[in-house]
Amino acid sequence: MSIKAEEISSLIKQQLANYQEQLSVEETGTVTYVGDGIARAHGLDNAMAGELLEFDNGVFGMVQNLESNDVGIVVLGDFTGIREGNSVKRTGRIMEVPVGDALLGRVVDPLGRPIDGNGEIKTDKTRPVERKAPGVMQRKSVFEPLQTGIKVIDALVPIGRGQRELIIGDRKTGKTSIAMDAIINQKGQDMICIYVAIGQKESTVRGQVETLRKYGAMDYTIVVSAGPSDPAPLLYIAPYTGAAMGEEFMFNGKHVLIVYDDLTKQADAYRELSLILRRPPGREAYPGDIFYTHSRLLERAAKLSDELGGGSMTALPIIQTQAGDVSAYIPTNVISITDGQIFLDSDLFYAGTRPAIDAGTSVSRVGGDAQIKAMKKVSGTLRLDLASYTELASFAQFGSDLDEATQSKLNRGARTVEVLKQGLHQPETVEQQVVTLFALSKGFIDAIEIEDIQRYESELFSYMTGNHQEILDEITSTSKLPEGDGFYNAIKEFSDQFQGSKQVAK
């Protein structure tokens, strides 16, 4: 088959007509070292701190160290396919992740890629993982309560929207359970939740996701998971990824609750990276900037001013202690950054007090500002009652002859401890908590046997719902205790007819 000369010339003319002169200049470097999630490259003189780089095999890295003769890179993926002598090129983009409503209900890795098997995430919005926290003038004081649904927290260590409240304790004392209950309780409260699992077993994370799904909480939750088998750089950036996703909602006037579970593992991952990058080690081999690593993350939690839309991001960082030692390096760092801590005591946990919150050590630096007026009124003396009970109980075990006043205090304290116990994944509404604590403060529970208290609580609320709904509605709408004797009389009416297990047995 012969091709005519006219066809060839017309084809050449067509190609020339469509020709566009484009020059693409890419700055590339050469990998000089690779290992343990770290690479070093020579020739990237203009690279920026935090910039995204791409290796020959398609794996991305982030610039971490800028040195005179080379660049230290943390590899965000499988580093086994990278070899010395490979080229690495700049992208010109600071490390960023996808954000937006499309991520709700999904489980993603620290790069924002889906790992739940439900297909790709369709969003064109991105945010840099590192961002300067809002300044003083961009914030307003914390004043709106964030109800966790856990009586002992909402009464003693209240959390406000925009606060940073540390959850701290030994392993297996219920730290994650408190965070999960707080997420479950946000249903219908116009709150978006983000759960960042750092170094948690994948089977554990799957269990948490199934729990959230069971209680309908995945509809408003994003789960960011960096497993223990992932390279250390992914564990390091996971919390920043979660914060970036939360900021997208916060700066659009919405409210966000973010849980970092846990920052001890992130600190360990950062220590590993820093030592391999040859940064000088300090106390307990952590680099000197480990405080800055956590502070620049937690400072991103804020209650924004009205000019910026009034959105908020509340952070619940989790820290694991060794044998209850809160004076260790990382715990003291994070305690000094946050607005209070919920301390979980292993002795209380094993004694059957769940949640095992130590009222003496736990504190909220926002305090009553993060409580509705009704809750503030009924929980006023609770902390003192618990503290005096703990002190008296330790003395009472050495002697049997106790005067009537001491016996009365011990009885009230034992009932207070029992009232503050709560089952797993059974958050209570704020009006339910107010009703129970009001009954406690007015002495109605003093006459109830300890083994009947949990039943008394549930039956009391059922009675109030069925016969005095208007009182509960008033607490919800006004956030105050109802005036007059109606509330007191309603609880007295129920208490008079309540039958304990000993009365039923007779």
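The buried residues of helix α4 are covered by several elements of the chain, including β8 (107–108), α3 (175–184), β11 (191–198) and β12 (221–226). This packing is read from a predicted model, and it gives a handy starting point for looking at the helix itself. The buried set in α4 consists of V205, Q208, V209, T211 and L212. These residues cover an arc of only 160 degrees around the axis, which puts them on the same side of α4. An α-helix has 3.6 residues a turn, so residues three or four places apart point the same way. On the other side of α4, the picture is reversed, with S203, R206 and K214 exposed.

The length of α4 can be checked as well. The helix runs over residues 202–214, and at 1.5 Å a residue its 13 residues should span 18 Å; the C-alpha atoms at its ends are 18 Å apart, so the expected and computed spans agree. After α4 comes G216, a residue with a positive phi, near 75 degrees.

A second local view is offered by A41, which has its place in strand β2 (residues 38–42). With a relative accessible area of 1%, A41 is buried, since a residue counts as buried when that value is under 20%. Leaving aside residues up to four places away in sequence, A41 touches T30, V31 and T32, together with D70, V71, I73 and V88. D325 stands 284 residues from A41 along the chain, and the C-alpha atoms of these two residues are separated by 41 Å.

Stepping back to the whole chain, the model contains 17 helices and 17 strands. The C-alpha trace spans about 110 × 55 × 45 Å along its principal axes. The chain has 506 residues, of which 52% count as buried. Among contacts with a separation of 6 or more, 74% come from residues 24 or more positions apart.

The surface and the charges complete the description. The chain exposes about 23800 Å², and carbon and sulfur atoms supply 50% of that area. Its side chains include 52 positive and 69 negative ones, and the centres of these two sets lie 1 Å apart.

Terms used
Residues numbered from 1 in each chain as written. Predicted model: local features only at pLDDT ≥ 70, side-chain atom pairs only at ≥ 80, totals over all residues. Heavy atoms only, no water. Helix = DSSP H or I, 4+ residues; strand = E, 2+ residues; numbered from the N terminus. Expected span 1.5 Å × (residues − 1). Buried < 20%, exposed > 50% of the residue type's maximum accessible area, 1.4 Å probe, protein only. Arc of directions from axis to C-beta. Contact = heavy atoms within 4.5 Å. Areas by Shrake-Rupley, 256 points an atom, 1.4 Å probe, with all protein chains shown as cover. Lys, Arg positive; Asp, Glu negative; His and termini not counted. Charge placed at Lys NZ, Arg CZ, Asp CG, Glu CD.
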